[in-house]
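Biologist: Before I rely on any label attached to this chain, I should like to hear the reasoning behind it. Please set each value against its criterion and then conclude.

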Amino acid sequence: MESRRIVILTGAGISKESGLDTFRDPDGLWARVRIEDVATPEAFARDPDRVHAFYNHRRAGLLSEDVQPNAAHAALARLEAEWPGEVLLVTQNIDDLHERAGSKNLIHMHGELLKARCLVCGAASPWREDMTGDSLCPACGVEGALRVNVVWFGEMPFEMDRIYEALAACDLFISIGTSGNVYPAAGFVAEARASGRAHTVELNLEPSEGSSLFAERHHGPAGVEVPAYVDKILKNGW
Ligand code: BV8
């Protein structure tokens, strides 16, 4: 019985064809705003309203009805459903397109745009409307103590122990739609290779920063490359 384990890492490129911005493409988010102004704890302490506005704009965009999971998201959900061994999907993305496509064994290492975290009680609650300095925590009711439940630069990503364990034990590591600029995610391919067992594959529009570390690379849009690769491994393995 096939029990080989697969770990998948996704980045903003997998959601591009669904209409969401990437970060470092010429038309990406960091071409319009500076990380230091909207995506660090210091930025939030300095100007919380500006940080709330940045995430409120992205949340409203994600919730618009023309933003839907694309064929790449669907292919990964199919792989999880049909592959006999474990498939762990680690996403850097804060959108909910993987869940909406049906993926279940999923870690949002950089958090979730549709969740609020309370700085008083620590609860993470579903959150779909604009967040302001007066918003009430759904769990404890305190006013004005909410932040978006994402990991900013300088903060510890979520579930790192579980991710490193999965990388050390996997037989296949697939990296999809990420530029390989941000750590620790950019170091995952090296972690997977360290076991000496994992086959490593990059599916990206263009070579990423860490492209040379992958044993196999396919460059093109995720909506084309991911379904093709999933079909291939479901039929013939790797
Ligand atoms: C950490 C959530 C310690 C918020 C994000 C100084 C102080 C403190 C830390 C640092 C420092 N200097 C460096 C660091 C480390 C820092 C870092 O790596 N900085 C970089 C800029 C050098 N990292 C951190 O701070 C991390 N925390 O280090 O804690 C630690 C260390 C080890 C172990 C444990 C703890 C926290 C980083 C998380 C920050 N939060 N997002 C939000 O979303 O607003 S990061 C943000 O950028 C995204 O979440 C994403 O994770 C990340 C990378 O972006 P990508 O997803 O790769 O997107 P990008 O646009 O870059 O690339 C898109 C790719 O898709 C491109 O290659 C493109 O060609 C391709 N593409 C485009 N279209 C398509 C496509 N591919 C396929 N199909 C298409 N159609």
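**Reasoning behind the labels**

Modeller: Let me begin with a residue that counts as buried: Ser 211, whose relative accessibility is 8%. Please bear in mind that this is a predicted model.

Biologist: Why is Ser 211 called buried?

Modeller: Buried means under 20% relative accessible area. Ser 211 has 8%, so the residue counts as buried. Ser 211 belongs to the loop between strand E8 (199-204) and strand E9 (216-219).

Biologist: Which residues are in contact with Ser 211, its neighbours within four places in sequence aside?

Modeller: They are Glu 202, Arg 217 and His 219. Contact requires heavy atoms within 4.5 Å. As for Gly 180, 31 residues from Ser 211 in sequence, the C-alpha to C-alpha distance is 8.3 Å.

Biologist: What makes Asp 134 exposed?

Modeller: The term exposed applies over 50% relative accessible area. Asp 134 has 55% and is therefore exposed. Asp 134 sits in the loop between strand E5 (124-126) and E6. Apart from residues up to four places away in sequence, Asp 134 touches Glu 143 and Gly 144. The C-alpha atoms of Asp 134 and Ile 176 are 38 Å apart, with the two positions 42 residues apart along the chain.

Biologist: Why are Glu 159 and Leu 63 called partly exposed?

Modeller: Partly exposed covers what lies between the 20% and 50% limits. Glu 159 has a relative accessible area of 39%, so the residue is partly exposed. Leu 63, with 31%, is therefore partly exposed too. Leu 63 is part of helix H4 and touches Leu 114 and Arg 128, residues up to four places away in sequence not being counted. From Leu 63 to Arg 5, 58 residues apart along the chain, the C-alpha separation is 33 Å.

Biologist: What is notable in the backbone of Glu 159?

Modeller: Glu 159 is not a glycine, yet its phi is positive, at about 55 degrees. This residue is in the loop between E6 and H7. A positive phi, near 70 degrees, is also found at Gly 237, which follows H9.

Biologist: How do you know that the peptide bond between Tyr 183 and Pro 184 is cis?

Modeller: The omega angle of that bond is about 0 degrees, and the bond is cis. Pro 184 is located in the loop between E7 and H8.

Biologist: How do you know that the span of helix H4 agrees with its number of residues?

Modeller: H4 comprises residues 48-63, which is 16 residues; at 1.5 Å a residue the helix should span 22 Å. Its end C-alpha atoms are 22 Å apart, so the two values agree. For helix H9 (residues 222-236), with 15 residues, 21 Å is expected, and the reach from first to last C-alpha is 20 Å, which is close.

Biologist: Which residues of H4 are buried, and what covers them?

Modeller: The buried residues of H4 are Val 51, His 52, Phe 54, Tyr 55, Asn 56, Arg 58, Arg 59 and Leu 62. Their cover includes helix H2 (35-38), helix H3 (41-46), helix H6 (97-101), strand E4 (111-118) and strand E6 (146-150).

Biologist: Which residues are buried in H9 and in helix H7?

Modeller: In H9 they are Ala 222, Glu 225, Val 226, Pro 227, Tyr 229, Val 230 and Ile 233. These pack against E1, helix H1 (13-16), helix H5 (71-82), E7, E8 and E9. In H7 (residues 160-169) they are Met 160, Ile 163, Ala 166, Leu 167 and Ala 169. Among the elements that cover the buried residues of H7 are strand E1 (6-10), strand E2 (87-91) and helix H8 (188-194).

Biologist: How do you know whether the chain as a whole agrees with a compact globule or departs from one?

Modeller: A compact globule of 238 residues would have a radius of gyration near 18 Å; the chain has 18 Å, and therefore agrees. The C-alpha trace spans about 55 × 35 × 35 Å along its principal axes. The chain has nine helices and nine strands, and 51% of its residues count as buried.

Terms used: Residues are numbered from 1 along each chain as its sequence is written. This is a predicted model: local features need pLDDT of at least 70, side-chain atom pairs count only at pLDDT 80 or more; totals for chains, interfaces and linings use all residues. Side-chain values use heavy atoms; hydrogens and water are left out. Helices (H or I, at least four residues) and strands (E, at least two) are DSSP runs, numbered from the N terminus. The radius of gyration is taken over C-alpha atoms; the globule rule is 2.2 Å times the number of residues to the power 0.38. Buried means under 20% relative accessible area, exposed over 50%, partly exposed in between (1.4 Å probe, protein chains only). The expected span of a helix is 1.5 Å times one less than its number of residues.
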